[in-house]
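Please work through the following exercises with the coordinates open beside you, and try each task before reading its solution.

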Amino acid sequence: SVKTAERIYSCREKIADFFKYSHPENVIFTLNCTHSINTVLKGVLKKGDHVITSDLEHNAVIRPLESLKRNGIIEYDVAHVSFTDDNETVENFRRKIKRETTLIICTHASNVTGFILPIKRLGALCKEHNILFAVDAAQSAGIIDINIAEFGIDYLCVAPHKGLYAPMGVGVLVADKRIDNVLIEGGTGSASALS
């Protein structure tokens, strides 16, 4: 078990290094990229929050956003992505920002068109407005260089079986910021009483 734990941590280190990230302990293995996205959306957002996403999103993003909206937890807006002008795309996101905007989540590369969003500029927009930034890198990780710190990414969601040639049934979430709302409770430890 010690050797297995060492290998798993070594894998975390390699993933962190691959995405130019200095905290391998924040590399989380999930079931798949959809699980990573749901962990972010349902783990970070709270009642009254506002989210902005793009009009190129996969169902892995849209369905949980719709569920959170339907249940009265959040509101979200969709920013139009211009295929010819990144300035227009960034401005479309900027115009959707409200006082309650907590998170921008978008794909890095569309699974339908292959179009690549200007995530470095969107990350800078998020930092300018103190908004969290989550990136669905299912189609891009391992194909397009991603620098978490340079791009201002707070949550990177990855489908390793695609561009990283990992086996099916593994997802990765690199979480540079906290995830306060837990999805699963229990496990080992000595303090079992609820507080």
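**Exercise 1. Establish the order of helices and strands along the chain of this predicted model, and count them.**

Step 1. Reading from the N terminus, the elements follow the order α-β-α-β-α-β-α-β-α-β-α-β-β.
Step 2. Counting the two kinds of element separately gives six helices and seven strands.

**Exercise 2. Decide whether the radius of gyration of the chain agrees or disagrees with that of a compact globule.**

Step 1. For 195 residues, a compact globule would be expected to have a radius of gyration near 16 Å.
Step 2. The chain itself has 17 Å, which agrees with that expectation.
Step 3. The extent along the principal axes can be set beside this value: the C-alpha atoms fill a box of roughly 50 × 40 × 30 Å.
Step 4. As for burial and contacts, 45% of the 195 residues count as buried, and of the contacts between residues at least 6 apart in sequence, 64% join residues at least 24 apart.

**Exercise 3. Describe the surface and the charges of the chain.**

Step 1. The accessible surface comes to about 10700 Å², and carbon and sulfur atoms account for 52% of it.
Step 2. Among the side chains, 22 are positive and 23 are negative, while the centres of these two sets lie 4 Å apart.

**Exercise 4. How many disulfides does the structure hold, and why do cysteine 11 and cysteine 33 not form one?**

Step 1. A disulfide is a covalent bond between the sulfur atoms of two cysteines, and the cut-off applied here is a sulfur pair within 2.5 Å.
Step 2. For cysteine 11, the closest cysteine sulfur is that of cysteine 33, and because the separation is 16 Å, the two are too far apart for a bond.
Step 3. For cysteine 33, the closest cysteine sulfur belongs to cysteine 157, and this pair, at 5.5 Å, is also too far apart for a bond.
Step 4. The count for the structure is accordingly zero disulfides.
Step 5. Regarding their surroundings, cysteine 11 counts as partly exposed because its relative accessibility is 35%, whereas cysteine 33, at 8%, counts as buried.

**Exercise 5. Is arginine 63 buried or exposed, and where in the chain is it found?**

Step 1. Arginine 63 is found in helix H3, which spans residues 59-70.
Step 2. Its relative accessibility is 58%, and arginine 63 therefore counts as exposed, the cut-off being over 50%.
Step 3. Comparing sequence with space, arginine 63 and asparagine 38 are separated by 25 residues in sequence and by 9.5 Å from C-alpha to C-alpha.

Technical notes: Residues are numbered from 1 along each chain as its sequence is written. This is a predicted model: local features need pLDDT of at least 70, side-chain atom pairs count only at pLDDT 80 or more; totals for chains, interfaces and linings use all residues. Side-chain values use heavy atoms; hydrogens and water are left out. Buried means under 20% relative accessible area, exposed over 50%, partly exposed in between (1.4 Å probe, protein chains only). Helices (H or I, at least four residues) and strands (E, at least two) are DSSP runs, numbered from the N terminus. The radius of gyration is taken over C-alpha atoms; the globule rule is 2.2 Å times the number of residues to the power 0.38. Contact means heavy atoms within 4.5 Å. Accessible areas come from the Shrake-Rupley method with a 1.4 Å probe; for residues, only the protein chains shown count as cover. Lys and Arg count as positive and Asp and Glu as negative; His and the chain ends are not counted. The place of a charge is taken as NZ of Lys, CZ of Arg, CG of Asp or CD of Glu.
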